[in-house]
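Reader: I've got the model open and want to talk through how it packs and how it holds its ligand. Can you walk me through it?

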Amino acid sequence: MERTFAIIKPDAFAAGHAGQILSRIYSEGFKIVGLKKLYLSKVEAEGFYAVHSARPFFGELTDFMSSGPCVVMALEAENAISKWRDLMGATNPADAAEGTLRKEFGTSIGENATHGSDAPETAAFELGYFFNGLELL
Ligand code: CMP
C-alpha cells in the first residue's frame, strides 16, 4: 500500500464539486486516511509550492491557492501516487482525458480542480506539510 497527498482546490470547492470528487475517490477504491478543510494563507501556499518559487506563475498560483477554502487529503491505495494522478488527468484540463477529474471540473491550467503528489519524495513532504502522524492512524 502507498499513500499520496491530494487537494480539492479552491475552484472546485467553491463550485460545490467536493462531494462528487470524494465520491469518485471512494468509487475508484482509495481509502481516505486523512481529510480536512483549510483556508490557506498566502505564506502557507508559498511554503507548499516552494519547489515552484522560480516559475513565472508562482504568484498567480499562490494567490489562487489562498483565494478560498480547499480540502486536503491523504489517500491510500496500491500505487496511490500514479493512481491518483491518472484519476486527475493532465495538468491542463484542455489536455485531460474524458472521465478524469480535471476534464470534468477544471477550467484552466491554474484552476485545475485538484492537486496530487508526483513522486514518493514529494508525497512525503506534502503529507507532512498538512498532517501529523496521529491524524493519519
Ligand atoms: P499542481 O498539480 O497543483 O502543481 C503546480 C500547479 O501549478 C499546477 O497544478 C497548475 O495548476 C499550476 N500551473 C502550472 N503551470 C501553470 C501556468 N503556466 N500558469 C498557471 N498555473 C500553472
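Author: Sure, and keep in mind that this is a predicted model. Let's start with helix 4, whose buried residues pack against strand 1 (2-8), helix 1 (10-14) and helix 3 (42-48).

Reader: Which residues of helix 4 are buried, and within what arc do they fall?

Author: Helix 4 covers residues 58-65, and its buried residues are Phe-58, Leu-61, Thr-62, Phe-64 and Met-65. Looking down the axis, you'll find these buried residues lining one face of the helix, because they fall within an arc of 160°.

Reader: What does Ile-25 touch, not counting residues up to four places away in sequence?

Author: Ile-25 belongs to the largest nonpolar core, a set of 19 residues, and is one of those with the most contacts inside it. Strand 1, helix 2 (18-27), strand 3 (70-77), helix 5 (80-88) and helix 6 (101-105) each give this core at least two residues. Leaving out those sequence neighbours, Ile-25 touches Phe-30, Ile-32, Met-73, Leu-75 and Trp-84.

Reader: How many residues are in the second, separate core?

Author: Phe-5, Tyr-49, Leu-127 and Phe-130 are among its members. The count for this second core is 18 residues.

Reader: Now the ligand: how much of its accessible area does the protein cover?

Author: Its surroundings include Lys-9, Tyr-49, Leu-61, Asn-112 and His-115. Polar side-chain atoms come up to ligand oxygen atoms at 2.8 Å for Lys-9 and 2.9 Å for His-115, while for Asn-112 a side-chain N or O atom is 3.2 Å from a ligand oxygen. On its own the ligand has 460 Å² of accessible area, and the share covered by the protein is 81%.

Terms used: Residues numbered from 1 in each chain as written. Predicted model: local features only at pLDDT ≥ 70, side-chain atom pairs only at ≥ 80, totals over all residues. Heavy atoms only, no water. Buried < 20%, exposed > 50% of the residue type's maximum accessible area, 1.4 Å probe, protein only. Helix = DSSP H or I, 4+ residues; strand = E, 2+ residues; numbered from the N terminus. Arc of directions from axis to C-beta. Contact = heavy atoms within 4.5 Å. Core = buried A, V, L, I, M, F, W, Y, C linked by side-chain atoms within 4.5 Å. Near = heavy atom within 4 Å. Polar contact = N/O pair within 3.5 Å; in protein donor to acceptor, adjacent residues only side chain to side chain. Areas by Shrake-Rupley, 256 points an atom, 1.4 Å probe, with all protein chains shown as cover.
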